[in-house]
Amino acid sequence: MTAPNIDTIVSLAKRRGFVFPSSEVYGGLGSAWDYGPLGVELCNNVKQSWWRWLVYERDDIEGVDSSIILNRTVWKYSGHEGTFHDPLVDCRECKNRMRADKLEGYFPPEGKEVAFDANARLRAGLVKCSECGSTNLTDERFFNQMLRTTLGAASAEDDPTALAYLRPETAQGIFINFLNIQTTMRRKIPFGIAQVGKSFRNEITPGNFILRTREFEQMEMEYFVRPDAEHFKLVDEWVEQYMEWFVSLGIDRNNLHLHEVPEKELAHYSKRTVDIMYRYFPERDEEERQWEELMGIAYRTDFDLRSHSSKPADEEGKRINPDSTEDLSYFDEADKQRFYPHVIEPAAGVNRTVLALLMDAYSERTNDKGETRVILKLSPQVAPIKAAVLPLAKNKPEIVGMAKAIKRSLQPVLRAVYDDTGGIGKLYARQDEIGTPFCITVDHQSLEDEAVTVRDRDTWEQERIKVVDLAENLQKRLKP
Ligand code: GAP
């Protein structure tokens, strides 16, 4: 079972301290969200799992943490200043503002060889408003998605020399550090560089909870290969590895599907992109409307390294990039060749992964009394809390003391909490709802036999375990 819709997760997330609407005391800020005590743990566990998988468990990937604000010139040569914009239209009937390229009828039907003229299609009434279905839409105009800021205390708001951007992708911080990392770590191609961090986009239509926001977090990896490598095959290989990683985190393969991005929709740097889609909208009748992008795997060619390099020249011998001071090419010792490495880029979102995990983990179960309980069947490696220690009687100092001591002894090896704020049934229900794999109950008998009851979240089965064996027992059962 998965969550019936995103709204179910929005309410669970707020009720149980995963995600809160941001700035709520001032009426909120559209599509901005704050991660509470459990949400921040879940995000950290996803990021750590990703980092361990790529940077520690493989031998060919290094990590980096670059600035969010880079020299503005980076965004000129990356192509983002010139092309990172969305077409915007307004509906004259219902006043809705939308991304035109997401609307029904914007692109000519597949297979028809007609010249593409968006405004001609808009004026001919071929494109429909997503809100009211009207075809009475304005012409499109382009809106750059990069969020702007100004640097320096003395700068005037409109001083072009003070203009800077909050990065719209973490990838550029990797490209401009390619040579630093390759030379300091003495790396030979093929190798990759991974980065996780915040990115910002002034989205026209943010929404659907944490699926599309203006501030979000990415886990990106640029994998550098030879110009004559089998690039399309490498894209397929990375797609399969990421599918397996998502499944290892607990996502049902049936809720994942692949989308080959059509040529006309490719980003300016991409020759091929495959998106891994997740079923974020299971409530929608039409199957094809149930999916949204979880991540993308792109073949970025040598576009970025080449365009940030000082050397490449045009047909007349003029430098294409007169601002760069470095040539980011690579010298292959084996065959004495110099070239710009080509790049395969798996780019995933932390927030979209977290939403997929929450939706996939959601289940309901009815107990003996006929009460329906929510159980969040998160995989133990991402669960925010691994074990909750619960005293059966909170008015018995010996039981409370023993429970607190057990919690303290577990804390160095796994995330454990102590809770005595309700009856045992309520405490179990609360832990089930936040995805805690194990509840440990300390009772009167524990004082005599130095043992506790360990209850499994998914089966509700209970087992008696000696306190001395508890940490090792739990660690074994928590292993992925
Ligand atoms: N460097 C390539 C790149 O940024 P992208 O497909 O634009 O590619 C990669 O972004 C991933 O980042 C997406 O698949 C998604 O998971 C996440 N992402 C992008 N925009 C987002 C947004 N506005 N809100 C939340 N996540 C977003």
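A residue is called buried here when its relative accessible area is under 20%, exposed when that area is over 50%, and partly exposed in between. Keep these cut-offs in mind during the tour, which moves through a predicted model.

**The whole chain**

Begin with the entire protein chain in view, where the C-alpha atoms fill a box of roughly 90 × 65 × 50 Å along the principal axes. The secondary structure comes to 14 helices and 23 strands, and buried residues make up 50% of the 480 residues. If you switch on a surface, the chain exposes about 23600 Å², of which carbon and sulfur atoms supply 48%. Colouring by charge brings up 64 positive and 79 negative side chains, and the centres of these two sets lie 3 Å apart. Among contacts between residues at least 6 apart in sequence, 63% join residues at least 24 apart.

**Helix α12**

Now select residues 424–434, which form helix α12, and look for its buried residues: Leu427, Tyr428, Ala429, Gln431, Asp432, Glu433 and Ile434. Step just past the end of α12 to Gly435, which takes a positive phi of about 85°.

**The seven-stranded sheet**

Next, select the strands of the open sheet, whose order is β3-β9-β10-β16-β13-β12-β11 and whose pairing is mixed. At its edges you will find β3 (61–63) and β11 (256–260), each of which pairs on one side only. Looking across the sheet, the twist from one strand to the next averages 20°.

Stay at the β3 edge and add residues 191–200, strand β9, which pairs with β3 in the parallel sense over three bridges. Within this pair, Gly63 stands opposite Ala194 of β9.

Just before β9, select Ile189 and Pro190, since the peptide bond between them is cis, with omega near 10°. Pro190 itself is placed in the loop between α7 (178–184) and β9.

**Two helices across the sheet**

Which strands does helix α2 lie across? Select residues 37–56 to show α2, and you will see that this helix lies across β3, β9 and β10 (215–225), running at about 160° to β9. Then select residues 231–248 for helix α8, which lies across β3, β10, β11, β12 (272–278), β13 (292–301) and β16 (342–349), and which runs at about 150° to β13.

**Leu305**

Move on to helix α9, residues 303–307, where Leu305 has its place. Is Leu305 buried or exposed? Its relative accessibility is 1%, and therefore Leu305 counts as buried. Leaving aside residues up to four places away in sequence, Leu305 touches Phe175, Phe178, Phe224, Leu328, Tyr340 and Pro341. To gain a sense of scale, draw a distance from the C-alpha atom of Leu305 to that of Val452, which is 147 residues away along the chain, and the separation comes to 59 Å.

**A hairpin and the loop after it**

Select residues 362–366 and 372–376, the strands β17 and β18, which run antiparallel and are joined by five bridges. Arg365 has Arg373 of β18 as its bridge partner. Together β17 and β18 form a hairpin with five residues between them, and in the turn Gly370 has a positive phi of about 85°.

Continue from β18 into the loop that leads to β19 (387–391), where Gln381 lies. Gln381 counts as buried because its relative accessibility is 17%, a value to be read against the cut-off of under 20%. Which residues does Gln381 touch, when those up to four places away in sequence are not counted? Show Asn45, Ser49, Ser248, Leu249, Lys386, Leu478 and Pro480 around Gln381 to see these contacts.

**Two serines in one loop**

Finish with the loop between β1 (19–21) and β2 (33–35), where Ser23 lies. Although Ser23 is not a glycine, it has a positive phi of about 55°, and at 32% relative accessibility Ser23 counts as partly exposed. Further along, Ser31 also lies in the loop between β1 and β2, and Ser31 has a positive phi of about 60° although it is not a glycine.

Conventions
Residues are numbered from 1 along each chain as its sequence is written. This is a predicted model: local features need pLDDT of at least 70, side-chain atom pairs count only at pLDDT 80 or more; totals for chains, interfaces and linings use all residues. Side-chain values use heavy atoms; hydrogens and water are left out. Two strands pair if DSSP finds at least two bridges between them. Helices (H or I, at least four residues) and strands (E, at least two) are DSSP runs, numbered from the N terminus. Axes are lines fitted to C-alpha atoms, for helices over the stretch in contact, and angles run from 0 to 180 degrees between N-to-C directions. Contact means heavy atoms within 4.5 Å. Buried means under 20% relative accessible area, exposed over 50%, partly exposed in between (1.4 Å probe, protein chains only). Accessible areas come from the Shrake-Rupley method with a 1.4 Å probe; for residues, only the protein chains shown count as cover. Lys and Arg count as positive and Asp and Glu as negative; His and the chain ends are not counted. The place of a charge is taken as NZ of Lys, CZ of Arg, CG of Asp or CD of Glu.
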